[in-house]
Every structure is written in structure tokens, then in C-alpha cells.
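Work through the exercises below with the sequence and the coordinates open. Each task is followed by a solution in steps.

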Amino acid sequence: MVFNSCFDIIGPVMVGPSSSHTAGVVAIGKFGHDLLGEIPKSVNITFYDSFSETYQGHGTDKAVIGGLLGLGTDNPEIKHAFELAEKERMNISFEFEERCPYYDHPNTLLISMKSRENSVEIGGVSLGGGVSKIFLINGQPANILLNSKLDMESMRERYLHDRR
Amino acid sequence: MDFHSMNDLLQLCEEKEMTMGRLMMETEEKKTGKSSDEIFTMMKERLFKMKEAVEKGITDPSPSPSGISGGDAHLMKEYKDKGNYMTGGLVTDAMKYAFATSETNARMGVIVATPTAGSAGILPGCIFALEDNTDISTDDLVMGLFTASAIGYVIANRAFISGAAGGCQAEVGSATAMASAAIVEMRGGTPEQAVHAAAMSLKSLLGLVCDPVAGLVEVPCIKRNVIGTAIAFASADMALAGIKSRIPCDEVIGAMYDIGSSMPRTLKETSLGGLAATPTGEDLKRKLMAKPCRNSAKNTG
């Protein structure tokens, strides 16, 4: 079961306008931020399917950047994610594709990110109502539900690529 | 203890002689090890967040950043205040509050997803209309949120609650089902009546496609939230009158899943079909998105 709590249904508390295209994507970006352990210096984001068609109206681009900056789903600053990223001198690029080759769902994205020392690539799917899952890390299948308790410390040990 | 269907849910309620709301709370306690007080407080916080979103929406008559929505909560309030409404104070208030929440959502304000942000207007619309028009206590409103979450929990795990996966029936349909069941329990109806209300709500919204104009959660999303409140109250009244859904709720959810699975991609939150692809929808997209409509151009040949 993906939805495990009454608060997966009544919640999250979030900035609008879409739980799957905004809040769920903030959560995926935030996971990336926490895995890297800092705000990335450069990111390349690929939106698939529904995300690539509606990202502007749903604020999906602001959501993923907001998450990568470490913001939570209910942080009103998500609205200003691009200005904040500019202050951090984050280098951002986007790509848009139709179908995700790695996971069969319309709400999928890939984030490839680099800090000074590390690089990591994650694939995330937003399953609805703000609940998301990581299905890919560095090209390997993963199955990490973001509405569960996560041990980021051991994940960093396992997944981070040292670039030095 | 957990439940995977409305049948499971009703059976557990009967065995334990509990309301659905109370059963959901107990399930959460068992799963998380948190105390019932703690869980109740968490839900109460969400009720207050909903209230804030409603108040923000009512007092802000400004248009949304896109300019294609906003100000309707305010118009509804003025209309209600004049007193000449037809659907009664309860439904008029519910519509007003649904507008308020969904408009706050469109402005990227803070809301509570119930179960999604695109459908976040319906449950608070119904809840705060009951608060204004009956003598229900705040704690009973919180219990109503637990009832609603039990229904959403089953639907989300058996089918889908996102427009991209299952169309608007999965969002506004689920939210309306949740709200109607919550109304039934808040009004003292049985769990069985609440499940019938959910089934009747979901049935009336089966097949509804997700076709947001310009990819914004505004047109037609906001008004579908508003109409959802009226359906929720109508279904709740039918259920409380003893009227049953001939098709059991679990089978209605199954039908929703089948319909959503066979819906074309253009009608599942891609803004490539339905109202999004009308001449006015296309025109708004061109104006607002400042990008060529590569897909719509492909669509219309």
C-alpha cells in the first residue's frame, strides 16, 4: 500500500496549486537536497508526460527547485524559488520528454545534480495527493516512499559519488 | 488492523461498534504508535489550516496571478449576504467556502490537500458550512476529517486520486465521496449510510475528465469543487433518508479505476483535450504560457 496514513489523505499542508504537480515534486526535490546534503551547484531536470505539458501552470518547475533548495511543501517561498536559486548561483537546465522510459506513470521526473564534491541522479514519481516515490538512483532501480521514515545518513553513504 | 476495502471497513466498524472516523483514528494509532490525543491534535491543526485558507480566500477578491480566476468567493459571499439564494444557506455557504479554498490554492497560497490540492475546496466547503449552519462542535468537525480520510484511504489504495492517473473523477470524485461520508457521520448517520453516500457521490462523477485550461488548476477545477459540495450534501441527504447505492461502493471504485485506466492521455491532466482544447482554452494557453503550443498544434493537425 502506498497511502499509509490518514494524513496522506488529509494533507499535506502545502502551497498550491497541485498536490501531485507541486507538493509531490517539492518532496522529490527535497529528497535530492537531503541526499546531496546541501544545495546543489548545478541541476538538470527532465520532466515527462503530464509534467512536461503542464509544469508552468502547476508551478512544477518552482516546486522542484524549491525542494532542491531545501524548502518544505508548505513554505510560501516556493513561489520565489527561481529568485532564491539565482541568489545561490544554482545552474539550472530543463528538458521535456513524452514518456518516461524508466517508470510507467504520467507524473515522473529525473534530476541530475552536482555539488562541489558530489554528484547524484534520482528519478521520482508523484503518485497523487502529495505522496511521492524515488524509483531510480544513479541508474539503479530504487523503491523509496517519501511518506515513510528515511535514514538519509546511510543513503548518502550508499549513493553519493565522490567527484574529487 | 488495517482495511483495504469499504467492506473491510464496514465489517471492522461493526465488530468494534465504532464510527468510521474513530476506526481510522485507531488504525493510525496502531500503525504509528502515537497516542490518540497526538493524532487528534494533528488533525485539528489541519482543520485550522483549512480555516485559514478559507478566510484568506473570502477576504481576497483579487484575481489569481494568471488572471483567469479569483474574486468568485467574494461574489458568492455578497450574494449570500443579500439572502436571495435558492439552494439554502447550507449549500450556498459550502459553495462560498469551496471557492475560497480553491482560489487560495490557485494563488499558490497554503491549503490542505483533501485528498489533493486540485480538489481541496470540497471537504472544507462542506465542513465549514456545517459549522456555520448547525450547532456541531469543533471536535466533531475534526472527527469528520477522520471519516473523510478513511474513505479517501480506501479509494487511493484501490484506485487513484490524481487527475493525471485517473482523470477528474479521481480527484473531485474522491473528494466529494469523502465529504459526503463525513457529512453523514457528523450528522449521526451509520458507517453503512456513510459508505452509501460515498458511493452515490462517486457514481455521479464517474467519467469526469481532467482538462485544465493552460495547465492551471483554475478552469474548470475551481467550479467543479464548488459543484462537488452540492453533490456531497445531496448524497448525504439521500443516504440519511435510508436510500442505498444499488452498486456497492467497492464496485463503484473498481468502475472508476477501469474508466480512468482507459481514458486517453489527452484527458488526463495534459491540457491537450476537453475544455483545454476549446478555442478559448487554446487562446488562453497561448496568451498565458508565452510558449508555442507544440502539442495542441499537433493535436488539431
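The model is predicted.

**Exercise 1. Locate A:P17 and describe the peptide bond that joins A:G16 and A:P17.**

Solution.
- Step 1: A:P17 sits in the loop between β1 (13-15) and α2 (19-36) of chain A.
- Step 2: The bond between A:G16 and A:P17 is cis, with omega about 10°.

**Exercise 2. Do the same for B:P115 and the bond that joins B:T114 and B:P115.**

Solution.
- Step 1: B:P115 belongs to the loop between β1 (110-112) and α6 of chain B.
- Step 2: B:T114 and B:P115 are joined by a cis peptide bond, and omega is about 0°.

**Exercise 3. State the sign of phi at A:N138, then find the place of this residue and its accessibility class.**

Solution.
- Step 1: Phi of A:N138 is positive, about 50°, although the residue is not a glycine.
- Step 2: A:N138 is placed in the loop between β6 (131-137) and β7 (140-145) of chain A.
- Step 3: The relative accessibility of A:N138 is 22%. Partly exposed covers the range between under 20% (buried) and over 50% (exposed), so A:N138 counts as partly exposed.

**Exercise 4. Repeat the analysis for B:S271: is this residue buried or exposed?**

Solution.
- Step 1: B:S271 is not a glycine, yet has a positive phi of about 60°.
- Step 2: The loop between α12 (249-262) and α13 (279-289) of chain B holds B:S271.
- Step 3: B:S271 has a relative accessible area of 3%. Buried means under 20%, so B:S271 is buried.

**Exercise 5. Analyse the salt bridge between B:D2 and B:K31.**

Solution.
- Step 1: Side chains of opposite charge can pair when their charged atoms come close.
- Step 2: The cut-off for a salt bridge is a nitrogen to oxygen distance within 4 Å. For B:D2 and B:K31 the N to O distance is 3.0 Å, and their side chains form a salt bridge.
- Step 3: B:D2 lies in the segment before α1 of chain B, whereas B:K31 lies in helix α2 (residues 20-32) of chain B, so the pair ties together parts that are 29 residues apart in sequence.
- Step 4: B:D2 is partly exposed at a relative accessible area of 26%, and B:K31 is partly exposed at 33% relative accessibility.

**Exercise 6. Characterise the salt bridges B:E29 with B:R22 and B:K51 with B:E131.**

Solution.
- Step 1: In the salt bridge of B:E29 with B:R22, the closest N and O atoms are 3.4 Å apart.
- Step 2: B:E29 is partly exposed at 22% relative accessibility, and B:R22 is partly exposed with a relative accessible area of 30%.
- Step 3: B:K51 and B:E131 form a salt bridge with their closest N and O atoms 2.8 Å apart.
- Step 4: B:K51 is in helix α3 (residues 36-59) of chain B and B:E131 in helix α6 (residues 122-133) of chain B, so this pair ties together parts that are 80 residues apart in sequence.
- Step 5: B:K51 has 26% relative accessibility and counts as partly exposed; B:E131, at 25%, also counts as partly exposed.

**Exercise 7. Which residues are joined into one network by salt bridges that share partners, and how many salt bridges are there over all chains?**

Solution.
- Step 1: The network joins A:D49, A:E53 and B:R265 through salt bridges that share partners.
- Step 2: The count over all chains is 18 salt bridges.

**Exercise 8. Which residues form a negative surface patch, and where is B:E14 found?**

Solution.
- Step 1: B:E14, B:E15, B:E17 and B:E192 form a negative surface patch.
- Step 2: B:E14 is in helix α1 (residues 6-16) of chain B.
- Step 3: The relative accessible area of B:E14 is 67%. Exposed means over 50%, so B:E14 is exposed.

**Exercise 9. Give the helix and strand content of the UniProt domain on each chain.**

Solution.
- Step 1: For chain A, an unreviewed UniProt entry lists "domain: Serine dehydratase beta chain" at residues 5-97.
- Step 2: Residues 5-97 of chain A are 52% helix and 18% strand, with the end C-alpha atoms 33 Å apart.
- Step 3: For chain B, an unreviewed UniProt entry places "domain: Serine dehydratase-like alpha subunit" at residues 15-276.
- Step 4: Residues 15-276 of chain B are 66% helix and 1% strand, and the end C-alpha atoms are 48 Å apart.

Key: Residues are numbered from 1 along each chain as its sequence is written. Chains are lettered from A and ligands numbered from 1 in the order in which they are written. This is a predicted model: local features need pLDDT of at least 70, side-chain atom pairs count only at pLDDT 80 or more; totals for chains, interfaces and linings use all residues. Side-chain values use heavy atoms; hydrogens and water are left out. Patches are made of residues with over 30% relative accessible area and no salt bridge: like charges are joined within 9 Å, nonpolar side chains (Val, Leu, Ile, Met, Phe, Trp, Tyr) within 5 Å. Accessible areas come from the Shrake-Rupley method with a 1.4 Å probe; for residues, only the protein chains shown count as cover. Lys and Arg count as positive and Asp and Glu as negative; His and the chain ends are not counted. The place of a charge is taken as NZ of Lys, CZ of Arg, CG of Asp or CD of Glu. Helices (H or I, at least four residues) and strands (E, at least two) are DSSP runs, numbered from the N terminus. Buried means under 20% relative accessible area, exposed over 50%, partly exposed in between (1.4 Å probe, protein chains only). UniProt positions are given in the numbering used here, feature names are shortened, and annotations may be inferred rather than shown by experiment.
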